[in-house]
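Trainee: I'd like a close look at one part of this model, please. Pick a spot where aromatic side chains meet and talk me through it.

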Amino acid sequence: MKTFINAQDIGPLEKAMAEAFEIKNDRYKYQHLGKNKTLMMIFFNNSLRTRLSTQKAAMNLGMNVIVLDVNAGAWKLETERGVIMDGDKSEHLLEAIPVMGCYCDIIGVRSFAGLTDREYDYAETVLQQFIKYSGRPVFAMETATVHPLQAFADLITIEEYKKVERPKVVLTWAPHCRALPQAVPNSFAQWMNAADVDFVITHPEGYELDPEFIGNARVEYDQRKAFEGADFIYAKNWSNPGVTNLADYGKITSKDMSWTVDTEHMSWTNNGKFMHCLPVRRNLIVTDDVIESPNSIVIPEAANREISCSVVLKRILETL
């Protein structure tokens, strides 16, 4: 595996899941693979779980780790071609990327959507430059459109907590005070479509995700109807994807607080488990009583980020 961006990059899910639980039982089993190998983690945006879990996974595999926060201590980077660089950006990504590649064996990139130019974001312009010019295997640590390490961890968590063979999993939009990317819901939808679950997406009209990610999911605009009989509720805000109206891309076109997941919402489910990628805005996305309830599995879900990343890094190391 030379790149890890989408669900199909991991190959057969059954094999990947078996590997995940093998690693969870013995996190240091493949330590020999990373000896004298270096991971470079490049952050254009803030991170807590991704930074910590990816670094821990790399250390479990015996790797050296370099962390570069582009916005703290590095030269400001220009990402566009053809610009006259007479502003505050001192270095172009086209020189910086191959230089970074000189110092490592694998590169992880975290670069969020700008939410102003849908074509630029959905082309994964920054990530694709790393793939093209670094000369190294590249994996996504959340990009403009996807967050596969999170979605893989979500699937591991569902597998651990499911009580029926084919659980009903609901991805629900929830209100937020800021415009957020679609990366997490996109990847969650993609991975749930690849898994053996009954998958439903619910959101206000006009918030439709890109058809590429919706796949075979059932879209239900009535949140209560979507929640009925659900085994897992995955709450996440996303800004308008601009699918039905390009001019709305990246905007907040609804702040409907009736979509906040509270105790009444969870009562509609089949004693469902509550999930969220974190960080979460309490009493916007979810009420205190729900996220603190015994049915909240957000902490085990976050812990599984170490496991999902371990599988990905192991797969990449095996190709070096």
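Trainee: And to set the scene, what percentage of the 320 residues in the chain do buried residues make up?

Mentor: Buried residues come to 57% of the 320; buried means under 20% relative accessible area, exposed over 50% and partly exposed in between, with a 1.4 Å probe and protein chains only. Keep in mind that this is a predicted model, where local features need pLDDT of at least 70 and side-chain atom pairs count only at pLDDT 80 or more, while totals for chains, interfaces and linings use all residues. Numbering runs from 1 along each chain as its sequence is written, and side-chain values use heavy atoms, without hydrogens or water.

The chain has 12 helices and 12 strands (DSSP runs numbered from the N terminus: H or I for helices, at least four residues; E for strands, at least two). Its C-alpha atoms fill a box of roughly 55 × 50 × 30 Å along the principal axes.

Now for the rings. Searching the whole structure turns up nine aromatic pairs. Start with W173 and Y207: their ring centres are 5.1 Å apart and their planes meet at 55°, so this pair is tilted (Phe, Tyr and Trp rings, six-membered for Trp, pair with centres within 6.5 Å; planes under 30 degrees apart are stacked, over 60 edge-to-face, the rest tilted). W173 sits in the loop between strand 8 (168-172) and helix 7 (183-194), and Y207 in the loop between strand 9 (198-202) and helix 8 (211-214), so the pair ties together parts 34 residues apart in sequence. W173 is buried at 0% relative accessible area, and Y207 is buried too, at 1%.

W173 has another partner. With W259 it makes an edge-to-face pair, 6.0 Å from centre to centre and 80° between the planes. This pair bridges distant parts of the chain as well: W259 is in the loop between strand 11 (232-235) and helix 10 (263-267), 86 residues from W173. Both W173 and W259 are buried.

Stay a moment with the loop between strand 9 and helix 8, where D210 is found as well. D210 counts as buried, at 13% relative accessibility. Beyond its neighbours within four places in sequence, D210 is in contact with R118, Y122 and V243 (contact means heavy atoms within 4.5 Å). Zooming back out, 78% of the chain's contacts with a separation of 6 or more involve residues 24 or more positions apart.
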